[in-house]
Amino acid sequence: MKVYLRHFNINDLDFISQKLYPHTPKDEIVAMIRDWDTLTYKGSYFETLAIEADSKLSGYVSLYEREKKSLSVGAIIIPELQNRGIAFEALTEAFCRAKESGYLKVSARVRKDNKPSLRLCEKLGLLIFDDDTAADGKAVYKLEKTL
């Protein structure tokens, strides 16, 4: 299986509207695609990259610069492909991109009850350093890794 990251484009509109944002109007998704190609998000670097596995779209990786030289990462994989190691490969590539761009560490937030994501973070070398609460009130771990 070959996994790589790339920017979304207008040809991805059907995938995004059907698989990622099924309740969002297509004109809003077109605006999102334009914004995802590197923009400022609350004063910091933000980029959303498409994940392709075996030449098929399977989800996305988001990259946020929340602190100087530190990148926050997240990944969403469509349900039918979640058990194929795609998230691991995509995040590994995202970590390489971050390191090549001069970032010194990556961080993530994972719900405490999300065992698959916690196992993935452990496999990627992310270590728990704090507890927090998400906007929905769920308990989360803060994790990070030095690159």
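Ile76 is found in strand β5, a good place to start a walk through this predicted model. At 40% relative accessibility, Ile76 counts as partly exposed, because the value falls between the 20% limit for buried residues and the 50% limit for exposed ones. Not counting residues up to four places away in sequence, Ile76 touches Leu20, Ile51, Ser58, Gly59 and Tyr60. Tyr60 in this list is 16 residues from Ile76 in sequence, yet the two C-alpha atoms are 5.4 Å apart in space.

The strand that carries Ile76 is part of a hairpin. Strands β4 and β5 run antiparallel and are joined by eight bridges. Two residues lie between the two strands of this hairpin, and Lys69 in the turn has a positive phi of about 65°. Glu67 stands opposite Ser70 of β5.

Helix α1, residues 13–20, also meets this hairpin. The buried residues of α1 are Leu13, Phe15, Ile16, Ser17 and Leu20. These buried residues pack against β4 and β5, and against helix α2 (26–36) as well. Leu20, one of the buried residues of α1, is also among the contacts of Ile76.

Attention now turns to strand β3, which spans residues 44–53 and includes Thr48. With a relative accessible area of 0%, Thr48 is buried, since the limit for that class is under 20%. Beyond its neighbours within four places in sequence, Thr48 is in contact with His7, Phe8, Trp36, Tyr60, Val61 and Ser62. For Ser62 there is a polar contact too, made between the two side chains at 3.5 Å. Tyr60 appears again here, as a contact of Thr48 and likewise of Ile76.

Past the end of β3, the loop between β3 and β4 holds Asp54. Asp54 counts as partly exposed at 38% relative accessibility. Leaving aside neighbours within four places in sequence, the contacts of Asp54 are Met1, Lys2 and Arg84. From Asp54 to Phe88 the C-alpha separation is 15 Å, with their positions 34 residues apart in sequence.

A second hairpin is formed by β7 and β8, with five residues between the strands. Strand β7 covers residues 127–133, and its antiparallel pairing with β8 extends over six bridges. Leu127 has Glu144 of β8 as its bridge partner. In the turn, Gly137 has a positive phi of about 90°.

The largest pocket of the model has a volume of about 1300 Å³. Its lining comprises 43 residues, and those nearest the centre are Val73, Gly74, Ala75, Arg109 and Val110. Two or more lining residues come from each of β3, β4 (56–67), β5 (70–77), α3 (86–100), β6 (105–111), α4 (115–124) and β8. Several elements met above thus return in this list, among them β3, β4, β5 and β8.

A word on confidence completes the picture. Across the protein chain the mean pLDDT is 89, and 95% of the residues reach 70 or more. Among the elements, strand β8 (residues 139–146) has the highest mean, 94, whereas strand β2 (residues 39–41) has the lowest, 55.

Conventions
Residues numbered from 1 in each chain as written. Predicted model: local features only at pLDDT ≥ 70, side-chain atom pairs only at ≥ 80, totals over all residues. Heavy atoms only, no water. Helix = DSSP H or I, 4+ residues; strand = E, 2+ residues; numbered from the N terminus. Buried < 20%, exposed > 50% of the residue type's maximum accessible area, 1.4 Å probe, protein only. Polar contact = N/O pair within 3.5 Å; in protein donor to acceptor, adjacent residues only side chain to side chain. Contact = heavy atoms within 4.5 Å. pLDDT = per-residue confidence, 0-100. Pairing = 2+ DSSP bridges. 1 Å grid on protein atoms, 1.4 Å probe; cavity = no way out; pocket = protein on both sides within 12 Å on 5 of 7 lines; lining within 4 Å. Points joined across faces, edges and corners; volume = space filled by probe spheres on them.
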